[in-house]
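Visitor: Please take a close look at one part of this model, a residue with an unusual backbone angle, and then follow the connections outward to other backbone exceptions and to the charged side-chain pairs.

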Amino acid sequence: MIETNVSKQHESFLQVLQSYYQLTKPRIIPLLLITTAGSMWIAAKGQVDPMLLLVTLSGGTLAAASAQTINCIYDRDIDYEMERTRHRPIPSGRIQSRDALIFAIALAVISFSLLSVFANLLAALLAMAGIGFYVLIYTHWLKRHSTLNIVIGGAAGAIPTLVGWAAVTGNLSWTAWLLFTIVFLWTPPHFWALALMIRDDYAKVGVPMLPVVAGNSATVQQIWWYTLLTVAATFILVYPLQQTGFVYGAIALYLGGVFIYKAWQLLRDPSDRNLARGLFLYSISYMMLLCLGMVVDSLPLTHHAISFVVSQFIWCES
């Protein structure tokens with residue numbers, strides 16, 4: 001029996017808190033938050049209201065935690081079968097599915113209330129749409145039935161960029177949708193690199209991840225093309241949208257070059273799991289540093305510094 005009595009599994013209240021914390025898959029959330037922050041900084045042109053930032057990131061954290069908790073409930077059967085996930089709170093019996101569902105609903109309600117009251121209704125609705133898409137489209141419909149699970153499911157992980165933009169502006173512009181597209185395109189190479197590493201686990205439980213169904217070579221070819229598309233999309237922020245400047249452009253160029261190189265290395269040797277692991281880990285750093293580049297580029301201090309350097313160069317030349 002997968003689920004057991006929680007009271008027999010926890011010896012202290014702290015352990016109970018730790019189990020509920022683990023339900024939210026907390027290692028995934030920081031990356032979602034940094035894409036939200038990057039979007040907010042561009043939308044606010046480098047002058048984000050600290051309180052709005054805190055509220056939006058808090059609401060986003062709660063929404064993501066709710067979605068991940070429901071995912072844990074739905075996937076408790078395959079989590080029990082895979083050694084990597086067998087010790088999660090639900091398959092290990094530390095938390096009952098019913099209690100986890102109540103927890104997830106509470107997180108979603110608090111998230112919606114926080115965002116709708118202190119940000120705006122659009123941001124709150126988008127956060128709820130993210131939960132719905134992740135649970136219904138990705139977890140329920142796609143994950144166990146289609147190799148497109150990561151491609152289409154990536155939209156759920158891209159929605160935080162829209163939440164951040166909407167929280168600042170109250171609307172969605174072309175720039176917001178471009179930020180959404182960048183994360184959407186980045187998701188397949190990021191997740192397929194992981195899937196290459198653990199394809200045996202997915203094969204064991206019948207989840208049709210691309211490496212399981214199409215093989216390593218076909219997967220790596222897809223990783224290559226999506227990497228190229230991702231890097232190309234990042235430069236649209238510089239031109240023609242002109243939402244970012246030289247600092248972001250230089251950072252995007254360097255980070256994108258390394259990303260393409262690592263994807264090319266894997267393309268040459270699709271069976272090398274160390275290369276897949278290297279690409280997976282770098283993809284995380286890539287997105288975090290890219291968003292940090294958006295933040296730095298948008299700061300008024302950065303613009304003043306560039307203007308000063310340019311003016312000094314012109315003065316020296318004259």
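Guide: K25 is buried in this predicted model, because its relative accessible area of 15% falls under the 20% cut-off. The residue sits in the loop between α1 (13-23) and α2 (29-43), and its phi is positive, about 50°, although K25 is not a glycine. Most residues other than glycine have a negative phi, and most peptide bonds are trans.

K45 also has a positive phi without being a glycine, with a value near 55°, and its place is in the loop between α2 and α3 (50-74). K45 counts as exposed, at 59% relative accessibility, whereas K25 is buried.

A further backbone exception concerns the peptide bond itself: Y239 and P240 are joined in the cis form, with omega about 15°, and P240 lies in the loop between α11 (216-234) and α12 (246-268).

Turning from the backbone to charged side chains, the structure holds six salt bridges. One of them pairs R144 with D77, with a distance of 2.8 Å from N to O. R144 belongs to the loop between α6 (121-142) and α7 (149-169), while D77 is part of helix α4 (residues 76-81), so this salt bridge ties together parts that are 67 residues apart in sequence. Both partners are partly exposed, R144 with a relative accessible area of 23% and D77 with one of 34%.

Another of the salt bridges links the side chains of D79 and R88, at 3.3 Å from N to O. Here D79 counts as buried, at 3% relative accessibility, whereas R88 is partly exposed, with a relative accessible area of 24%.

R98 and D99 form a salt bridge as well, and their closest N and O atoms are 3.3 Å apart. Within this pair R98 is exposed, with a relative accessible area of 60%, while D99 is partly exposed, with a value of 22%. Salt bridges that share partners also join D75, D77, K143 and R144 into one network, and the pair of R144 and D77 described above, with its 2.8 Å contact, therefore has both of its residues in that network, while the same pair connects the loop between α6 and α7 with helix α4.

Key. Residues are numbered from 1 along each chain as its sequence is written. This is a predicted model: local features need pLDDT of at least 70, side-chain atom pairs count only at pLDDT 80 or more; totals for chains, interfaces and linings use all residues. Side-chain values use heavy atoms; hydrogens and water are left out. A salt bridge is a side-chain nitrogen of Lys or Arg within 4 Å of a carboxyl oxygen of Asp or Glu. Helices (H or I, at least four residues) and strands (E, at least two) are DSSP runs, numbered from the N terminus. Buried means under 20% relative accessible area, exposed over 50%, partly exposed in between (1.4 Å probe, protein chains only).
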